[in-house]
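Work through the exercises below with the sequence and the structure at hand, and try each task before reading its solution.

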Protein chains: 4
Amino acid sequence: MKLTSINTLRRTELRRAAFAVLQTEGVAGATLEKVAAHAGASKGIVLHYFKNKQELFEHAMREANKELAEDVAARLKKARTASERIEAIIAGNFDGRFFKPPMAHAWLQLCAEVPRDPQLARIQRVIHARMHSNLSNALRELVESDRVQPIALSISAFIDGLWLRLGLGTQTLVPEEAEALVQQFARALIDTGKPGRPGN
Amino acid sequence: MKLTSINTLRRTELRRAAFAVLQTEGVAGATLEKVAAHAGASKGIVLHYFKNKQELFEHAMREANKELAEDVAARLKKARTASERIEAIIAGNFDGRFFKPPMAHAWLQLCAEVPRDPQLARIQRVIHARMHSNLSNALRELVESDRVQPIALSISAFIDGLWLRLGLGTQTLVPEEAEALVQQFARALIDTGKPGRPGN
Amino acid sequence: MKLTSINTLRRTELRRAAFAVLQTEGVAGATLEKVAAHAGASKGIVLHYFKNKQELFEHAMREANKELAEDVAARLKKARTASERIEAIIAGNFDGRFFKPPMAHAWLQLCAEVPRDPQLARIQRVIHARMHSNLSNALRELVESDRVQPIALSISAFIDGLWLRLGLGTQTLVPEEAEALVQQFARALIDTGKPGRPGN
Amino acid sequence: MKLTSINTLRRTELRRAAFAVLQTEGVAGATLEKVAAHAGASKGIVLHYFKNKQELFEHAMREANKELAEDVAARLKKARTASERIEAIIAGNFDGRFFKPPMAHAWLQLCAEVPRDPQLARIQRVIHARMHSNLSNALRELVESDRVQPIALSISAFIDGLWLRLGLGTQTLVPEEAEALVQQFARALIDTGKPGRPGN
DNA sequence: AATGAATGAGAATTCATTCAT
DNA sequence: AATGAATGAATTCTCATTCAT
């Protein structure tokens, strides 16, 4: 444990540096040298702690998502009703600390790598699965069972779409408005099909 | 550069080859050599027709989008009502000829380049603008004016989110189901806020 | 003769274009494409008239020197005495039409190629030989025979040195001043060793 | 970059190799690969020590001139009178260790690059300035003040002219004779205009 | 653990040159 | 005669990765 303490520290440093470089330079421009420089370390050390470049960026993605996931988890704890849980999940994904152009940019960069990096794909799947499970759990209390899956997918894909737009940087998107769109969307989907209204 | 027919022909060939290579190799793996080989030409000829790699891929993106845009335009022509126009736009974006993993993959690759390629960003903006304008025109006849913009953005971001999911390749998505989700989504959004129902 | 007339014309055009490009782009930057563009012709035509790039630039050097040589020859005709002939030769080498930075620049570029282009070396030798012969002929009437060669070499090397300085572009040199330096130099050399003064 | 001894060593090695290759291959033929091979190193290492090709050759020029400058400086120390100082400067520029065809050839190659490489131009200017200052200092004790500048320029341009001739390789020039020409030239210039003789 | 020297593979790009039209 | 399409060789430069210290 003691022995890994400094080890863990360094790895975290490098992971963060990698993510930071990704934000400004993109995946192609994120060289090990730049990551090392950003972490105030030497080039060689990066591959001392990570087997190779891919592994570093895989860890960077995991790390980046962890914070967001923790934010969502914290919000879920405070939520009392199923509706509040849905709202919490959405709100967590648009927290002003995360939903920022550089962050979205880095995330988009990593997404583009997913199809060629099986490990990254696995991480991505885990992330999506958690989100889906969170949403499904809450939705089960709100809509008929056969509408749980499609609505969960719709909400999470919509969130991704807005992150993508932010990552592209071709339009301005503020967290509050983006969140409002999704909250509205979610409510519209859930309410549709409620008794008294013709579903589709 | 003169627009001789052979010129146009070759450029199209190379553009297609570039897009094809993008589908299988990603942006980093799409070397000029591979593009040339795929087009059955020599490496040198690629840069004879396109100033550089960037330009080639910019044209590839334009080309790829053009077909989809034409598909949407054709469907729009047949639409009679505003609702049908919305449906046409959505349907066009999930046409089985386009909404395929390799296509989505290539598109995602290009999206990741957008933040570092101003020209690509411009193209992306044009694409989004057209989609937005198509949606807005139809929505104006269906919802109050202050709900036109948010709904148009929601629909197009949702579509992008589903394309992203397809591009990631971490889950299976068939065109029909994806389209159905968006059609449902759109209807839910439009109907919400209609007289007789509590808006939000 | 008729047949070569247009031929000769084109060759002259291209030669001039080559020299012009050399002035602005240097030997490395002087591509056949630029030469062709400067002559308002197509790339292919250049090698239709000249076997290859080297040959073109060899002709460019010859051409460039020809004008200067003709200027010197014209001045020589007007000269009456040996002293005037020396002065004429020097003056011709600093004629304001030639002694200009771009010209000197191009000349320097070609000089740098001399050691690797035997044909260019031959041309250079011819140029030097003519200059040397002109100077020697005049000097023979002015100084003892054993001082003819060294003085001729000194004068011509000094002229080259000033052209080099102009070609480097690191200092300003106006034709009149440069010429005055050489004229003074020549007189000093010739006068030194005259009876009544201690030679060396 | 830290100035470790190995660093300095390697850089010197590569600089020398670059200069050596320049002597035999010219600037166009001096590829990084050849330089690396000449230094017995790998291609990659060259750009590990020098940012790019230009920088390498800039350092090569500086290095080459440094030795010559040191030779001149050593000779200047031993000189007692102003005349001896002039002689020392001239002698230093024709030291048999430097005034050799390959050296002159390499120097000429670099001169041709000066107009397109501002950094190289700066170096060239420094070199000329030092020579000019050395000459001027001595000349001030020997001739009227208004003749200092022109004579200093004449001597240094003449020296350059002879180096150019040597670099062209179109004629044979031995250091001793070349030096003698300049020494004679200098004396002639200085003596001209002395009291008792008609100046010009 | 840490450094940075060294390697070598690979990629974009540039161009002279050839050739079909 | 003229064009410009096509080729392919050559070169610079970038980087991940390995290794000696």
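A residue counts as near a molecule or strand if its C-beta atom, placed from the backbone, lies within 6 Å of it. This is a predicted model, in which local features need pLDDT of at least 70 and side-chain atom pairs count only at pLDDT 80 or more, while totals for chains, interfaces and linings use all residues. Residues are numbered from 1 along each chain as its sequence is written, and chains are lettered from A and ligands numbered from 1 in the order in which they are written.

**Exercise 1.** Find how many residues surround DNA strand F, and sort them by character.

Solution. Begin with the count: DNA strand F is surrounded by 35 residues, and the closest are T31(A), N52(A), S42(B), G44(B) and G44(C). Among the elements that give two or more residues to this surface are α2 (32-38) and α3 (43-49) of chain A and α3 (43-49) of chain C; helices are DSSP runs of H or I with at least four residues, numbered from the N terminus. Then sort the residues into nine nonpolar, 15 polar and 11 charged, where Ala, Val, Leu, Ile, Met, Phe, Trp, Tyr, Cys and Pro count as nonpolar, Asp, Glu, Lys and Arg as charged, and the others, Gly among them, as polar.

**Exercise 2.** Describe the side of chain D that touches chain C.

Solution. Chain D and chain C each bring 37 residues to their contact, two residues being in contact if their C-beta atoms, placed from the backbone, lie within 7 Å. On the side of chain D, α8(D) provides the largest share, 11 residues, and the residues there divide into 19 nonpolar, 12 polar and six charged.

**Exercise 3.** State how far apart the nearest C-alpha atoms of chain B and chain D are.

Solution. These two chains do not touch, and their nearest C-alpha atoms are 21 Å apart.
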